[in-house]
Amino acid sequence: MIRIDAGRCTGCRCCEAACAFHHTGSGGRVLSRIRVVNLYESGVDAPVVCQQCEERYCLACPSDSLTLGPLGQVVVSPTRCSECGACVRSCPIGAIEPVDAVPFVCDLCGGDPRCVAACTEGAIAFAPGAGGTVSLAAFQPGGERLAGSHKRARFARALGNAVRAAWGAGRG
């Protein structure tokens with residue numbers, strides 16, 4: 001599982017470029033499976049990536065094109081995908097993004113996530129075997145009606161609120 005420390009993220013987006021380049025040979029952000037959300041109003045940036053949640057909402061795919069890999073990562077079979085968008089709608093944090101109608105979701109780069117290696121600030125860490133320990137149930141209500149960017153912002157804001165609270169506690 002990839003763990004996020006929003007308090008360390010600088011919003012540099014090196015993780016996005018590394019992910020996209022590894023998977024496609026291009027550094028274009030739209031091809032990345034991790035997205036950095038800049039919350040300018042709070043001064044917090046946060047990467048959003050599949051959290052391998054307990055609920056596994058995305059596996060409710062009607063064509064069974066999403067399965068779990070050996071590391072607990074979500075594996076997409078583009079040939080089985082019916083392009084219905086159910087997985088995109090069901091992910092409560094917007095970690096699945098369609099690119100040419102095929103869902104892009106973190107596959108942990110086969111156990112060597114390039115986003116982690118590219119993050120010089122330590123905002124992203126890889127914790128193998130820690131999958132299924134995070135519940136995203138709090139983000140599910142009303143989430144299916146939101147666009148992916150709004151879901152990511154809602155998740156990043158929750159991470160940012162915790163960071164802001166810690167900053168305030170440290171000053172007191």
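# A walk through the model

Start with the whole protein on screen: of its 172 residues, 46% are buried. Keep in mind as you go that this is a predicted model.

**Stop 1: the overall fold.** Switch to a cartoon view and colour by secondary structure. You should be able to find four helices and eight strands. Trace the chain from its start and the elements come in the order β-α-β-β-β-β-α-β-β-α-β-α. How does the radius of gyration compare with what the globule rule gives for 172 residues? The protein has 15 Å and the rule gives 16 Å, which are close, so the protein is as compact as a globular protein of that length. If your viewer can draw a box along the principal axes, the C-alpha atoms fill one of roughly 55 × 35 × 30 Å.

**Stop 2: contacts and surface.** Now look at which parts of the chain touch. Take the contacts between residues at least 6 apart in sequence: 62% of these join residues at least 24 apart. Then turn on the surface. About 8,200 Å² is exposed, and 54% of that comes from carbon and sulfur atoms.

**Stop 3: serine 65.** Select serine 65, which sits in the loop between strand S3 (44–48) and strand S4 (66–68). Is this residue buried or exposed? Its relative accessibility is 2%, and buried means under 20%, so serine 65 counts as buried. What is it touching, once you set aside its neighbours within four places in sequence? Select Val75, Val76, Ser77, Arg80 and Cys81, and you have the residues in contact with serine 65. Next, draw a distance from serine 65 to glutamate 83. They are 18 residues apart along the chain, and their C-alpha atoms are separated by 9.7 Å.

**Stop 4: the cavities.** Time to look inside. The model has four cavities of 30 Å³ or more.

- Go to the largest cavity, with a volume of about 110 Å³. Select Cys50, Cys53, Cys58, Cys91 and Leu136: among the 16 lining residues, these lie nearest its centre. The lining of this largest cavity divides into twelve nonpolar residues, three polar and one charged.
- Move on to the second largest cavity, at about 80 Å³. It is lined by 14 residues, and Cys9, Cys12, Cys15, Cys119 and Ala123 are the closest to its centre. Colour the lining of the second largest cavity by residue type and you get nine nonpolar, two polar and three charged.

Methods. Residues numbered from 1 in each chain as written. Predicted model: local features only at pLDDT ≥ 70, side-chain atom pairs only at ≥ 80, totals over all residues. Heavy atoms only, no water. 1 Å grid on protein atoms, 1.4 Å probe; cavity = no way out; pocket = protein on both sides within 12 Å on 5 of 7 lines; lining within 4 Å. Points joined across faces, edges and corners; volume = space filled by probe spheres on them. Nonpolar A, V, L, I, M, F, W, Y, C, P; charged D, E, K, R; others polar. Helix = DSSP H or I, 4+ residues; strand = E, 2+ residues; numbered from the N terminus. Rg over C-alpha atoms; globule rule 2.2 N^0.38 Å. Buried < 20%, exposed > 50% of the residue type's maximum accessible area, 1.4 Å probe, protein only. Contact = heavy atoms within 4.5 Å. Areas by Shrake-Rupley, 256 points an atom, 1.4 Å probe, with all protein chains shown as cover.
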